[in-house]
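Student: I have a chain to look at and some questions about its fold. Can we go through them one at a time?

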Amino acid sequence: MNEDQKNTTFQYTYSSKEQEELKRIRSKYLPKEENKMELLRRLDAQVTEKATMYSIIVGVIGTLILGTGMSFCMVWADSVFVFALGIIVGIIGMVSLAMAYPIYNRTVKKERERIAPEILRLTEELMK
């Protein structure tokens, strides 16, 4: 081979790792297509996520109120008025804490009713 032929030859090395990396990087920049099954899973998860968020918020607030009532009773136990106020605040905290689970159930029920037509439509399309 002369010098010109050496310079004009094409060399290709295939690496499956490089190709996988290229595909992975390329997929980040392609527009996302959400299929119906992914949409169905996302809608189903939304129902419990919203209910969980509401019940956690109510539970945390109830716990803080209960803790405030307990601290009133323990720290200022010598004052009858503050002790009685602590018991009342503690009971309010217990009631709000006990309401977390019913709030969860009610929210799940309402969200399922709201989202049911879309879920049923998607399941009908997927079962065909």
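Student: Which residues does Leu-43 touch, not counting residues up to four places away in sequence?

Tutor: This is a predicted model, where local features need pLDDT of at least 70, side-chain atom pairs count only at pLDDT 80 or more, and totals for chains, interfaces and linings use all residues. Residues are numbered from 1 along each chain as its sequence is written, and side-chain values use heavy atoms, with hydrogens and water left out. Contact means heavy atoms within 4.5 Å. By that rule, Leu-43 touches Ile-115, Glu-118, Ile-119 and Leu-122.

Student: Which element gives the most residues to the largest nonpolar core?

Tutor: A nonpolar core is a set of buried (under 20% relative accessible area, 1.4 Å probe, protein chains only) Ala, Val, Leu, Ile, Met, Phe, Trp, Tyr and Cys residues joined through side-chain atoms within 4.5 Å. The largest one has nine residues, including Leu-43, Val-47, Ile-115 and Leu-122. Helices are DSSP runs (H or I, at least four residues) numbered from the N terminus; H3 and helix H5 (100-127) each supply at least two residues of this core. The largest contribution, five residues, comes from H3.

Student: Is Thr-52 buried, partly exposed or exposed?

Tutor: Thr-52 lies in helix H3 (residues 36-75). Exposed means over 50% relative accessible area, and partly exposed lies between that and the buried limit. Because its relative accessibility is 33%, Thr-52 counts as partly exposed.

Student: What distance separates the C-alpha atoms of Thr-52 and Tyr-101?

Tutor: Thr-52 and Tyr-101 are 49 residues apart along the chain. Their C-alpha atoms are separated by 9.2 Å.
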